[in-house]
Amino acid sequence: MQADTQPLLSVRDLVIEFTTENGVVRAADGISFDVHENETLGIVGESGCGKTVTGLSILGLIPSPPGRVAGGSIRFMGRELVGLPDSEMRNIRGRDISMIFQEPMTALNPVFTVGNQMTDVLRRHRGLTRRQARDAAIEMLAKVGIPVPAKRIDEYPHQLSGGMRQRVMIAMALSCDPKLLIADEPTTALDVTTQAQVLEQIAGLQSEFKMAVVLITHDLGIVAETCRRAIVMYCGRIVENAAIERLFEAPRHPYAKGLLESIPRLRRERLDELPIIPGRVPNLLHLPPGCRFAARCPRADALCREQSPALVPAGPHGDFIACHHPHPGQQAEPAA
Amino acid sequence: MSARLPRAAPAPSVLALLAIGLSIGGCGGTGDDKDTPPRTPGSRGPAGLKVYRHAMDQAPTSLDPVQAANVYANFVVLNAYDTLFAYKYLARPFELKTNLAADWPEISADGLTYTIRIKPGVRFIDDPAFADGVGREVVAEDFVYSIKRHFDPKTRPQGAWLWINRIVGLDEWKAAGSDYAAEIAGLRALDTHTIRIQLTKPYPQLLFTLAMGFSAVVPREAVAYHGREFAVHPVGSGPFRLTSYDTSQVVFERNPRFRPEPVDIAFEGYDEAQHGFSGVAAIDGRSPPFLDRLEISFIAESSARWSSFTKGDEVQYTSIPNEHVDEVLATKQPVTLKPAFAEKYHFFAGVEAGFIFNAFNMDFPEFGYNDDPERERRNKALRCAINKAYSWEQRNESFYMGLGNIFPGIIVPVSPEFDPGLSRDSVTRDVAGARKLLADNGWTPENLPPLVYGANSSVSSRLIFEQFRAWMKEIGYPREKIILKRFATFGDISRAWKQSQLPYVSKGWGLDFPDAENTLQLFYGPNSSPGSNDANYRDPEYDRLYELSSTMLPSPERTAIYQRMNRMLIDDCVANTGLARTRIYLWHKNVIAIPDREIIGGFFLRYVDIVDASTGTVKGGAR
Amino acid sequence: MEILQYTVRKLISGIPLVLGVTLISFLLMVYFGPDKTYELLGKNPTAQEIAEVRTQLGYDQPFLVRYVDYLRELVTLEFGNSDSTGEDVASLLARTIPISLALTGPGFVLGNLLGVLLALFAAFYRSTWVDKAIMASAVVGMSISFLIVIIAFQIIFASSYGLGWFPVRGWSVHSFGDYLSYVAVPTMAMVFVALGYNTRFYRSVLVEEMTRDHVRTARAFGVPPAKLFYKNILKNSMIPIITRVVFSIPLVIISGSLLIESYFGIPGVGKITYDAIISGDQPVLKAVVGLTAILFVLAQLLTDILYRAVDPRISLK
Amino acid sequence: MSAVAIPAVRRESLWSKAAWKLARDRTGMIALAFVLLYMLVAVGVTAGWWAADWSEVRGGKWEAMSAAHWFGTNLIGQDIFARAVYSTKTAFEVGLVVAVLATVIGAALGAVAGFFNGSWIDEVLLWLMGVLDSIPFYLFVAAIVFAMQDNPYAMHIAMISTFWTSVGRLIRGEVIKLRGLEYVEAAHAISVPEFVIIIRHILPNTTHILLVQATIMFVSAIKSEVILSFLGLGVKDGMSWGLMIAESSQEVMAGFFNNFLAASVLMFGLVMAFNMFSDALQDALDPRKVG
């Protein structure tokens, strides 16, 4: 961990459980990471690996029941969020921490206008009058590149295109000048051109608003383009946490390596499954006792099957890895 | 029979004077409160109004006298309208008295011409139908008009059978198109207050028909004004006027202009030993009606009726539903109440003026007349066997709490011509005899004809059928040959009867007047389907006797003929009869009445009075 | 003006429905219905009298003539007088419909409101014992026959064998107090019976809406629960709710609660109509059937307009 | 013909998963056991193993419970227990006839409407459903029963003709959805006749909906029968719980509860068990909940 600055968000040993008809499932198990101001952190993994619940848990949005935060801590600007009463949590949501979601089609309330939904947020968190809130919302819409915002503001979500809706989401998320933005698959549902535009938008706004971003995605390409650091998750656990250049040049965890290799050289190919890594993701209900990746890992041995590897620091730059037999890191590592 | 209406009682009693004083005080300035319902128990309205709440098990469908065919309609109609004659309140057997008629009719020696004077000064209630909305005087022409309506198909009349082929020119009048402007020779108003009826043949029951709701006097203007709605807007000269009417309740208020006619309680048949308990003597000398408001609720479910009655203030009268008989009665012979009920309620037990019976439809060759005389003979044996297997005792026990009166033949117990000494063999169950009869006549389970049993959709009809089927099984009638045919409505089963579609008829008959002619006509050949002879019994000797007796005045000779006809029916096994139910009426002790509705119908309601709850005395009324 | 045009168009497109409902009902209830002749005859009728009554009732006319006559009556709204009582059909309906509305209204409203309330609890405490208890009770409630409930409630609340708090039956309403006392037991019975179904229905609607993405979005922006409920759940649930409620209205108006009215002896339109069916009272049937069809067309129109009001995605095409 | 194979696989997995889920649903299985028990009783009545004497008059009026008459006797001395047991058969007969026929008719007409979505056939069927739904249920049933007086199945026909519309609408919607799927289009492309497409490819994929609807209608039919019998519109010959309750509605006021209790408890048990079984089935077959 970087010791020089106090992290904006600090997650330690986070455990999230879901009660299902067939038993309790740990969707996230022992998650720890930091996010610093102005930093963009990527969380990568296949669907179901726990990345989305991790994002939701920061805002206390785990659907409960059946889910709950079973352990660990989430500190934001030094303040513990786990166990914070909902009334206080509501003051943080949308003001200090914002979140945007994957499905712009359904993430907005279809029966109210865009403006109505935006001004609600502005009036609540920034105490603006109706008039002021409307002006601020129009301004925000302009900022995210929506043409004729004064007209669009009175439209309903179904009247906007997908890209436009996601921009509205971004405008809404940034309207209260948050310190942290959690973006959960913000571009997955968009077509390729729009994806690029929206990502640029986020990047541009990040520097303008000076906020940290947690980008949750299964698309390594996006991570490579936008993040400084990324966490790779598998089956509810972090397997590797590394700066982006090291992760891409020399991934150490076999899963991360497999993941990277599965990307064709011409990226931007969408990969919801990883046909190149053999085997199947284990059922969260019936996890193996050892490393969760062991069954699919070319390097696995008896130790891997019996003992679960801990997430330990790797190297001097604040990287972490959870593997008994990691690939070697970059050979010549210049001192920072 | 007394030929004159008694004069008014000489002087009001002290009690009545007191009552007048009280009622003036009680009614002062409360005119506007008439529509507010009294909520206090004991039926004293807040404004001191006298309210009586009666209950019946069914609603009348129409209040037009020409449609007053059933007991319910007749019951209600008699309160809004006047009939020429009526029955005495308490006299049993029933006795006629004059009502709108001023006196008994003058009857010509040949019994064909009746001249009837009606009371002068009687007025219809106020109604917008009249000029200025003020009720005009009732005149003789109104009566003529009212009877004519039964012969005008447009009014949908139901009572024409009482006068058809009886009155000179009436049937021809109908055939000519029912033109009210046309005169009828046999039915005329001689002047404003004199009616002349000319009969084609003697009709000893004529005066009875003039006491029925069918003959009630209606004003022509009101029929013209209200059109079909006249059926729900009665405009009469009776003791009450209608305030509201729907399928759940009819509400009347007193007709303030009803003619004062003080009651002579002795003339009405009062007998201290029999009626003293009820306090009806208190109405002596006072002029009805005594009630300010009369409510009649129509409550089909007997349990609901009973609950309403026992709760206190909802209805003040009920007949005892079967399922409560054991709970209420201490003894059945004679009827007495258990103390808890005797303390709260008065009761009256009487035999219904009517009966229930079964009859074979003689037009079915399987059971009745057959071209093959041998088969016809065997059919008679079959009918007799089925009748023998029938258990009136069990039916009485199951459905009438053992209170019904089982009697042989079709002359019912309330008829003056009833013969208590008649052999009860025909109503006594004899399974062995029935089996023997079948065997002797070559009937076997294989050759017995299927018997289709018509029933309406009610639960008790179904149970009556199941009981019948079980009895028949005991004489070897196979279960699958007793077939239930259900009819959803009374109209549908009536149609099956009238169209002669059922081999076995199971029905009830209510007496229209206290004369056995009314039940004997049920087997008169010319009355065959669609007439009232559902059995389609056609016996020349029976028909001859019926015709002979029909013009005779009551006499021992006529009674002998009636009883001969009765025995013919028993011997032919054409009918399986019968049972007359015992009605037990209960009413709250603050109601002064003998509410027996048989024959007399709703006519008694004008004599009902209410005890003042605070003083225990009777007040109001005689003004 | 758009609404007006739409209304007219919608009403015109409702004509086939009106024709269908009237045709089928006419065929069943009037043409093949009970024969009223023998109820209108005296005790000892002659064949001529039978023929006269049949002519009066129009039974001697061919089907088509009678149906076309009916359509003419429908257009002019002149149904004539009841064949049973002779009362003018319009005044008959004017007398009975308000009674049915007053009778079924409270039960309908309460049944739905309580249903929503219980459903909210159940949905809010989804998968907890609260939810399970509510939903189990709903199934129990759904499994008890209306008839049994009516009989039991009448004994318990109205009879002298039970608490005796309310009138056993009838409808003698002159003041608001009267009204409350007469409507109480029927209302309780209706609520009891409807509650199970309503709670299940509303719970499934609410749960569906509560798990929508935009609800999560709203929570992520700190929207407090009350506002969340109103803006994100309730308004979005309105379409199924409106459908259910509005399409119940014609039934509430027309059939009232037939069973309640029969059992409690209340002279509402349900009882009148039922009596008309069993006695073959054609004018009343014709009017009621026509009214039903028209009410359904109006209900369709109303739902469409209400849909438009609550959901901008739906336009009046 | 991979076009045929795909739905088969899909179906199997749905059914096997559902069966597995259902088997693990304890309440559902208990409910099913109850339903089967009732069904056994009904089969026994049909076969004449018991309650054959339901219409015999064997005792006195309103006898109390005894060894000879477990639930006492009714007004005319018939054994109430035998009548209540016999009524189980009536309930199953009404429930099954109505549920099966209404489902079949609803499925057939709904599938036709959905398949010809947009054509006049669809319009006519939609119109018919709209019309049938617009006539108040009890009045409609009453009308049919009166119109078909002599027919012992008048009540069944009445219920079927109103119940099928809800199935019809559901299936129509489902078919419209399924019709857009590739395998159906493929079948269309190789000119398989339309009715073959409906019967072989589309309807099998709606069976889970049909099964659930059938259980719901079974319960509705039993409950409606009670009310119709009370109103005098129900079972023509034979015995049913509705008739028993109608018999009892006056008796309970006299303190004789045997008829009322026997019929209402037995009926409640069956309806409750069936409701719960129906719920379990619905849960098991709900694709959103599978897995």
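A salt bridge here is a side-chain nitrogen of Lys or Arg sitting within 4 Å of a carboxyl oxygen of Asp or Glu. In this predicted model, K43(C) and D512(B) make one of these, and their closest N and O atoms are 2.9 Å apart. That pair has company: the count between chain C and chain B comes to five salt bridges. Add to this the polar contacts, where 14 residue pairs between the two chains qualify, with both partners at pLDDT 80 or more.

So which parts of chain C do the touching? Helix 3 (47–57), helix 5 (89–124), helix 7 (146–158), helix 11 (258–264) and helix 12 (269–279) of chain C each give two or more residues to the side that meets chain B. Helix 3 of chain C chips in the largest share, with seven residues. Sorted by class, that side of chain C holds 18 nonpolar, 19 polar and 11 charged residues.

Now for the size of the contact. Chain C brings 48 residues to it, while chain B brings 52. Between them, the two chains bury about 4,100 Å², and 49% of that lies on carbon and sulfur atoms. On the chain C side, K43(C) turns up again: together with Y38(C) and N44(C), it supplies 19% of the area that chain C buries against chain B, more than any other three residues do.

How does this pair fit into the whole assembly? Five pairs of chains are in contact, and chains B and C share the most contacts among them. Chain A and chain B, by contrast, have no contact joining them, and their closest C-alpha atoms lie 49 Å apart.

How values were computed. Residues are numbered from 1 along each chain as its sequence is written. Chains are lettered from A and ligands numbered from 1 in the order in which they are written. This is a predicted model: local features need pLDDT of at least 70, side-chain atom pairs count only at pLDDT 80 or more; totals for chains, interfaces and linings use all residues. Side-chain values use heavy atoms; hydrogens and water are left out. Contact means heavy atoms within 4.5 Å. Buried area is the accessible area (1.4 Å probe) that two parts lose on being put together, summed over both. A polar contact is a pair of N or O atoms within 3.5 Å; within protein, one must be able to donate a hydrogen and the other to accept it, and residues adjacent in sequence count only if both atoms are side-chain atoms. Helices (H or I, at least four residues) and strands (E, at least two) are DSSP runs, numbered from the N terminus. Ala, Val, Leu, Ile, Met, Phe, Trp, Tyr, Cys and Pro count as nonpolar, Asp, Glu, Lys and Arg as charged, and the others, Gly among them, as polar.
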